[in-house]
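The exercises below introduce a protein structure through short tasks. Each task is followed by a solution that proceeds step by step.

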Amino acid sequence: MTDFNELIRTRLHAFPKPHFLGAQDLDPPDIANLLDLADVFVDLNRQSTKKLDLLRGRTLVNMFFENSTRTQSSFELAGKRLGADTINMSMKTSSVAKGETLIDTAVTLNAMKPDLLVVRHSASGAAALLAQKVGCSVVNAGDGQHQHPTQALLDMLSIRRAFGHVDGLTIAICGDVTHSRVARSNVILLNAMGANVRLVGPPTLIPGDADQWGTEVYHDMREGIAGADVVMMLRLQLERMDGAFIPSAREYYRFFGLDREKLAVAAPGAKVMHPGPMNRGIEIDSEIADDLSVSLIQDQVEMGVAARMAVLASLAARLENDR
């Protein structure tokens, strides 16, 4: 029988910083350490008994100002499986809805003495602002169009488990890069680990400074994914678009939606990813999304719990060291 406590003890390293606000907080050795630890949690999560007491006595608060299913539920599961007292705050019915400022909320939360605070907010920089006002560790679960670092970490975990490595792989990130915090975090982590990253999309959905991201930029889908090992599709974030970024959903799918014909130009054995939620028939064809021989989309959901367990455990280890 696997001794998970012993495996975790050998792979658990204190997080390099007091907060996890962006992908730039991690150096390559830190990324590798978190992925190695997450691998243990993947195996643990596949057991009938999944509960540990690694975070016993710790309080985890999930504070989501934006709707979320995958991210919030995976952080909740991660906290509970590690033994933390986990609280989900419904911000739509909280004092924030009555006009309380983000800083007022931070002060109130701080008085409750949480250990770990997971924050999603529509404003870029909100997590960093909260980190300055509270005495606990803050994890950025997505802030505006800025970053979503734990999503990038779980994406890399899926890629490494599928290929055995990340270094040297060609990863094409396709679609609405302009409004995507997932894309920004992924570019940073993938570049750090030696992947060749491409950004693919219409000019209206590729940021003006993309040439400074350390990536190749393509405005033709077939050229962009030709020979790619991983094709990562992004959601069209219509709620963040102020203006006509695409002529129509039908035209977008014709030129930039992933179907069998386009995927055929990728590398043999190429894998398909999507952070979800998907707009089927617009960003990706359902046949590909549901084909487990090429799609890692369901795998990404599973990896999300393990990757976030690794982050929470590492941050808690740092808290222990700082005592």
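## Exercises on a predicted model

Valine 200 has tyrosine 218 of strand S7 as its bridge partner. The model from which this pairing is taken is a predicted one.

**Exercise 1. Determine the strand order of the five-stranded open sheet and identify its edge strands.**

Step 1. Begin with the pair S6 and S7. Strand S6 (residues 196-200) is joined to S7 by three bridges, and the two run parallel.

Step 2. Continue to the other partner of S6. Five bridges connect strand S5 (residues 170-174) with S6, again in parallel. Within this pair, alanine 172 lies opposite arginine 198 of S6.

Step 3. Assemble the sheet. The complete order is S7-S6-S5-S8-S9, with parallel pairing. Strand S7 (216-218) and S9 are the edge strands, each pairing on one side only. On average, neighbouring strands of this sheet are turned by 20° against each other, direction ignored.

Step 4. Consider the surroundings of S6. Because four of its five residues are buried, S6 is largely enclosed by the rest of the structure.

**Exercise 2. Describe the positions of alanine 195 and alanine 270, and decide whether each is buried or exposed.**

Step 1. Locate alanine 195. This residue belongs to the loop between helix H7 (181-192) and S6.

Step 2. Apply the cut-off to alanine 195. A residue is buried when its relative accessible area is under 20%. Alanine 195 has a relative accessibility of 8%, so it counts as buried.

Step 3. List the contacts of alanine 195. Beyond its neighbours within four places in sequence, alanine 195 is in contact with Val166, Gly168, Leu169, Ile171 and Leu190. Valine 166 is 29 residues away from alanine 195 in sequence, while their C-alpha atoms are 5.9 Å apart.

Step 4. Repeat the procedure for alanine 270. Its place is the loop between helix H10 (260-263) and strand S9 (271-273). With 9% relative accessibility, alanine 270 also counts as buried.

Step 5. List the contacts of alanine 270. Residues up to four places away in sequence are not counted; alanine 270 then touches Ala228, Asp229 and Val294. From alanine 270 to threonine 170 the separation is 100 residues in sequence and 9.8 Å in space, C-alpha to C-alpha.

**Exercise 3. Work out the arrangement of the four-stranded open sheet and of helix H5.**

Step 1. Establish the order. The four strands follow the sequence S2-S1-S3-S4, and their pairing is parallel.

Step 2. Find the edges. Strand S2 (85-90) and strand S4 (137-143) each have a single partner strand, so one side of each is left without a neighbour in the sheet. From one strand to the next, the twist averages 15°.

Step 3. Examine one pair. Strand S3 (residues 116-121) is linked to S4 by five bridges, and these strands run parallel. Leucine 116 has serine 137 in S4 as its bridge partner.

Step 4. Place the helix. Helix H5 (residues 126-133) lies across strand S1 (59-64), S3 and S4, and runs at about 165° to S4.

**Exercise 4. Relate the domains of the protein chain to its nonpolar cores.**

Step 1. State the division. The protein chain is divided into domain 1 (4-147 + 302-322) and domain 2 (149-297).

Step 2. Describe how the domains meet. Their C-alpha centres lie 26 Å apart. In domain 1, 35 residues are in contact with 24 residues of domain 2.

Step 3. Examine the largest nonpolar core. This core has 67 residues, and those with the most contacts inside it are Phe41, Ile173, Leu190 and Leu312. Helix H12 (residues 297-322) gives the most to this core, contributing 12 residues. At least three residues of the core come from each of domain 1 and domain 2.

Step 4. Inspect phenylalanine 41. Apart from neighbours within four places in sequence, its contacts are Ile8, Leu52, Leu54, Leu82, Ala306, Met309, Ala310 and Ala313.

Step 5. Note the second core. A separate core of 23 residues includes Ala172, Met233, Tyr252 and Leu258.

**Exercise 5. State how many disulfides the whole structure contains, and describe the burial of cysteine 136 and cysteine 174.**

Step 1. Count the disulfides. A search of the whole structure finds zero.

Step 2. Assess the two cysteines. Cysteine 136 has a relative accessible area of 5% and is buried. Cysteine 174, at 1%, is buried as well.

How values were computed: Residues are numbered from 1 along each chain as its sequence is written. This is a predicted model: local features need pLDDT of at least 70, side-chain atom pairs count only at pLDDT 80 or more; totals for chains, interfaces and linings use all residues. Side-chain values use heavy atoms; hydrogens and water are left out. A nonpolar core is a set of buried Ala, Val, Leu, Ile, Met, Phe, Trp, Tyr and Cys residues joined through side-chain atoms within 4.5 Å. Buried means under 20% relative accessible area, exposed over 50%, partly exposed in between (1.4 Å probe, protein chains only). Domain bounds come from an automatic or database domain assignment. Contact means heavy atoms within 4.5 Å. Two strands pair if DSSP finds at least two bridges between them. Axes are lines fitted to C-alpha atoms, for helices over the stretch in contact, and angles run from 0 to 180 degrees between N-to-C directions. A disulfide is a pair of cysteine sulfur atoms within 2.5 Å.
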